[in-house]
Amino acid sequence: MSDLKEMLRVPVEELSWWSDSLEKIVGETTAEVKPHEGIIGQSRAVKAIKLGLAMKSKGYNIFVAGYPGAGRTTTVQKLIEEVVEGGPIPDDLCYVMNFKNPDEPRLLQFPAGKGREFMKQMTDLVESAKKKVPAVFESEEFQAARNEIINRHMGKQKALFKNFENKVSSENFMMVQVQVGPFTRPDLAPVVVGNPMKIEQLEALVEEGKFSADELERIKEKYKELSQEMEKLFKEARDIDKSIQESLEKLARDWVEPMLADMVAPLIEEYQSEGVKTYLTEVQADIVEHLERFRPKLVQPGPGMEGAGQPMMIPPEPSQFREYAVNLIVDNSETTKPPVVIETTPTFRNLFGTVERVMDLRGMWASDHRHIKAGSLLRANGGYIILNAREVLTEIGVWPTLKRTLRFGHLEIQTDPFSFLFTSALKPEKIPVNCKVILIGEPEIYDIVHWYDEDFQKIFKVKADFDTSMPNSDENITKLVGFIARTCSEENLLPLDPSGAEAVAKLGIRWAGRKKKITTQFDRIADLIREADLKAREDGKTAVSRQHVEQANADRIERVNMMEEKIQEFIEDGILMIDTTGEQIGQINGLSVYSLPEFSFGRPSRITAKISMGKAGIINIEREADLSGNSYNKGVLILSGFLRARFAQKRPLNLTASITFEQSYSGVDGDSASSTELYAIMSALSGKPIDQGIAVTGSVNQHGQVQPIGGVNQKIEGFFKVCKAQGLNGRQGVMIPRRNLGDLMLNSEVIEAVKNGKFNIWAVDHVDQGIEILTGVPAGEPNEDGEYPEGTINYLAGMKLDQLSTGLKEFESQSEEGDGEGEEPKEPSAESIEE
C-alpha cells in the first residue's frame with residue numbers, strides 16, 4: 001500500500017507552472033520590455049473580424065461573441081482603424097421642404113462639407129431676397145409701371161361710375177349710402193322736389209293723398225331697373241379690381257422672377273444633382289407665389305408705444321421663411337475618414353433619430369422638416385457602428401427597426417413609435433444606409449438570437465468568437481509581459497520585477513483553468529497590476545514583486561469571500577462535521593465547489609453510505625428529497641452500473657444502499673462526487689474503514705475509470721484550510737483524477753505544505769487505486785474464474801453481497817412459509833388490491 005501511495009503521490013513540480021524564461025524576458029523589470037501594442041490570443045476572432053470588415057456584400061455585419069474583459073471592443077476598434085485610413089468619406093445629409101407635399105420632407109445628399117456650404121448659401125439667398133424683393137417694389141420704375149396699371153384700370157372704373165351717375169341723375173335718382181347694421185352699402189333714392197327720398201316715404205305720401213300712386217309705380221319700376229344696372233356696374237368694378245390685382249401680381253412676378261433666376265442659377269450650376277435642381281426650382285416658384293412675405297408691413301403703433309400715432313414699416317418675421325431653411329442632419333465637413341461610432345446608449349431615439357415636436361403660437365404641437373434629428377446610425381453611415389447586443393435587444397423597438405434597416409438598406413426617421421404621448425404625421429424621405437454594424441455580446445446571446453430569429457443569420461453572417469484563454473507558449477508569455485509593460489507605462493504604474501511578472505502569469509494561467517492555457521481576460525490582469533502597484537508603493541518599493549501581486553490577489557479574494565469564511569467557521573466550531581483524522585466505515589470526505597459571481601471556493605462535505613438487505617439498489621437520498629440535479633443523478637446511476645458490472649455477473653445484485661451528503665440542505669449537482677460515493681459504498685460493503693484525512697474528488701464511468709472534474713484547485717485548497725485548522729499531521733491530503741494534473745495551479749501555501757511533507761496530493765486513474773489509498777487494502781484483481789484474492793476489497797465486498805443475497809432468500813422463504821400455514825385461501829380485498 002505504501003508503495004502505491006508513493007507511486008501515485010503528485011510531486012511538487014506538478015502542482016503549479018514554473019518558468020525558466022521569464023527572467024530573460026523581463027530583465028531587471030518590465031520597464032526594459034517593449035510594450036506590446038497588438039491583439040493577444042484572439043487569432044480566430046481577428047480573422048473573422050477582418051473578413052467581416054473586408055466584405056462589402058449585403059448582410060456581412062459582425063457579431064462579436066465573448067465575455068467582458070477579453071478586449072472585445074478594443075480589438076474591434078484597432079482592426080477598424082487599420083481599414084478606415086484612406087477610406088471614402090460619406091456624404092452630408094440634409095432635409096428640405098417638399099413644397100408639393102409638406103408632410104414628406106425631401107432628402108438631399110452632398111459630398112462631405114458641401115451640405116454646410118449649401119445650407120449657408122440658402123440662408124444667404126433668402127437674406128438677399130429679403131432685401132432685393134422689397135427694393136424692386138420700391139424702385140421708381142416699378143412704381144411707375146404699377147401706377148400706370150392702376151391708373152389705366154381706375155380710369156375705366158371711373159368712367160363706368162360717371163356714366164351711371166349721369167343716367168341716374170337724368171332719371172331723377174341719386175346714389176346714396178344706406179346704413180345696414182355697422183356697415184353701409186350703396187343704394188338709389190328718387191329725387192322729389194329736389195330732395196332724395198326713400199320709397200317708404202313716398203308710399204306714406206300716397207296714402208295721405210299727397211303723391212300720385214301712378215307716379216310711385218313708375219318710380220318703383222325705374223328703381224328696379226336702375227338697381228339691376230348698378231349691380232352690373234359693381235360687378236364690372238370688382239372685375240376691374242381683380243384685373244388690377246392680377247396685373248399687379250403679374251407685374252411683380254415679371255420683375256422678380258428674372259432676379260430670382262439670376263440668384264438661383266449659380267447654385268443650380270454648382271450642384272448638378274437632380275434633387276437639388278428640383279428643390280431650387282420649387283424654392284424659386286414658392287418665393288414668387290408668396291411675395292407678400294417679403295414686403296414690409298405698415299403698422300400703427302398703439303398708445304404708449306414708441307412712435308405712437310405715426311404709421312411705421314416693420315420687416316417680415318423670420319418665421320415666415322422657415323420653409324426655405326436647410327436642416328443639415330449629418331455634417332461630415334470635418335470628417336477625414338469613414339466614421340466609427342460607439343453607441344453606448346442605443347435607445348430608439350439615440351440610434352435612429354427622431355422627429356421633434358414644438359408648440360406653435362396657437363398652442364398646438366407641430367413638426368416640419370427642421371425638426372428631423374439624426375441618430376448615431378446615420379452618423380455612422382458609410383462607416384462602422386459598434387453596439388452592445390444585450391442593450392440593443394432589450395431596448396423597446398430597437399432590434400426590429402435595426403433588422404429592417406439592415407435588410408432593406410434604408411432608414412425612415414420617425415417619431416419614437418413607443419412614445420405614446422405625442423406623434424407626428426411627418427414622413428421624411430427614406431435615407432439609404434450603408435453601415436457596417438458590429439454587435440458585441442455574450443455567446444449565449446448569439447445562440448439564443450440565432451435559434452429564435454430567422455432574420456439574424458441573414459444580416460449577421462460573420463461570428464467573431466473570442467476565446468477565454470490562449471495557449472501557454474513562450475510567444476504568448478512574451479506578449480503577456482509586453483501587455484504588463486504597456487499597462488504600467490500608460491498608467492504610470494511601478495514596473496514588475498521577474499518574480500512579480502511570474503506571479504501575474506501564474507494567476508493568468510490559473511484563471512484560464514489549465515497549465516497549458518493563459519487567460520485572455522486582460523481587464524482582470526490589468527486590475528491585478530494596478531492593485532499590486534498600490535501594495536508596492538505602500539511598502540516604499542520601486543518595483544512590484546511576487547508578494548505584492550499575491551497580496552493584491554489575496555485582498556481581492558478577502559473582499560468577496562465572506563461566505564467561505566462563514567462555512568470555514570462552522571467547520572472549525574464543529575457545526576459542520578468534518579473529520580480529518582481517524583478512520584470510518586462507509587464515510588468519506590467529498591469535495592464541492594461554491595461558485596459566486598466574482599469568486600469560487602471549495603469545501604469538504606461528509607458523504608455516508610449505508611447498506612442492507614433488499615432489492616432497491618442504490619437509493620439517492622438527495623434525489624428522493626428533490627435536492628439533486630440531473631448531472632448528479634446521472635453520476636449515481638453510473639456507479640450503479642459499475643457495481644452491477646463488477647459484482648452481478650454470476651448472481652443478482654440484491655442490495656439496498658443509501659448515499660447522501662450529510663448536512664446538505666440545498667441543491668446538489670454535478671457528477672464530480674460519483675467516485676467518492678462509490679468509495680463509501682465499497683467501504684460499507686467490505687467493512688474496511690476509510691482514512692478521514694483524505695478527501696476525494698472525481699467522477700467515475702461504468703468501467704471504474706476516474707474522470708476529470710472542474711475546480712480542482714479550489715477543492716484542494718478548501719480541504720487544506722480545514723486540515724490546517726484542525727492540525728496538519730503529514731498524512732492528510734486530497735485524491736484527484738490523474739487527468740486533472742494539467743489543471744493544478746495551487747497557491748504558494750499549499751505548495752509549501754506539500755514540499756515540507758505536511759500535506760499530500762494523489763492522482764489516480766481507476767477506483768481500484770483510489771480504494772487502496774483510502775483503506776490501505778488492495779482492491780484485488782480477478783483470476784480466470786472471476787474470483788478475487790482473499791482479503792481484498794473486491795473479495796470482501798463480494799462476500800458481503802453473497803451474505804445479503806443469502807439472507808434475503810432465507811427471509812423471503814421463511815416469510816412465504818409463515819404466510820401459508822393454517823390459512824385458507826381467500827379473495828383479496830379491494831384495499832389490499834389498491835395497496
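**A chat about strand 18 and its sheet**

Q: Which residues lie on each side of strand 18, and are they buried or exposed?
A: In this predicted model, strand 18 is covered on both faces, with Lys436, Ile438 and Ile440 buried on one side and Val437, Leu439 and Gly441 buried on the other.

Q: How many of the residues in strand 18 are buried, then?
A: Strand 18 spans residues 436-441, and six of its six residues are buried, which leaves the strand mostly covered.

Q: What sheet does strand 18 belong to?
A: Strand 18 belongs to an open sheet of five strands, arranged in the order 10-15-18-1-19 with parallel pairing.

Q: Which strands stand at the edges?
A: Strand 10 (340-342) and strand 19 (462-465) do, and each has a single partner strand, so one side of each is left without a neighbour in the sheet.

Q: What does the twist average?
A: From one strand to the next, the twist averages 20°.

Q: How many bridges join strand 18 to strand 15, and how many join strand 1 to strand 18?
A: Strand 15 (residues 384-388) runs parallel to strand 18 and is joined to it by five bridges, with Tyr384 standing opposite Lys436. Strand 1 (residues 62-65) is also parallel to strand 18 and is joined to it by four bridges, and here Ala65 stands opposite Gly441.

Q: And how many bridges join strand 1 to strand 19?
A: Four bridges join strand 1 to strand 19, and the two run parallel; within this pair, Phe63 stands opposite Lys463 of strand 19.

Q: Which strands does helix 3 touch when it packs on the sheet?
A: Helix 3 (residues 43-54) touches strand 1, strand 15, strand 18 and strand 19, and its direction makes about 155° with that of strand 19.

Q: What about helix 4, which strands does that one touch?
A: Helix 4 (residues 72-84) also packs on the sheet, where it touches strand 1, strand 10, strand 15 and strand 18, and its direction makes about 175° with that of strand 15.

Q: Changing topic, how do the axes of helix 6 and helix 8 cross?
A: The axes of helix 6 (residues 140-170) and helix 8 (residues 213-270) come within 10 Å and cross at roughly 175°. Angles over 145 degrees count as roughly antiparallel, and helix 6 and helix 8 are therefore roughly antiparallel to each other.

Q: What classes of residues make up that contact of helix 6 with helix 8?
A: The contact has 19 nonpolar residues, along with four polar and eight charged ones.

Definitions and conventions. Residues are numbered from 1 along each chain as its sequence is written. This is a predicted model: local features need pLDDT of at least 70, side-chain atom pairs count only at pLDDT 80 or more; totals for chains, interfaces and linings use all residues. Side-chain values use heavy atoms; hydrogens and water are left out. Axes are lines fitted to C-alpha atoms, for helices over the stretch in contact, and angles run from 0 to 180 degrees between N-to-C directions. Angles under 35 degrees count as roughly parallel, over 145 as roughly antiparallel, 65 to 115 as roughly perpendicular and the rest as oblique. Ala, Val, Leu, Ile, Met, Phe, Trp, Tyr, Cys and Pro count as nonpolar, Asp, Glu, Lys and Arg as charged, and the others, Gly among them, as polar. Buried means under 20% relative accessible area, exposed over 50%, partly exposed in between (1.4 Å probe, protein chains only). Two strands pair if DSSP finds at least two bridges between them. Contact means heavy atoms within 4.5 Å.
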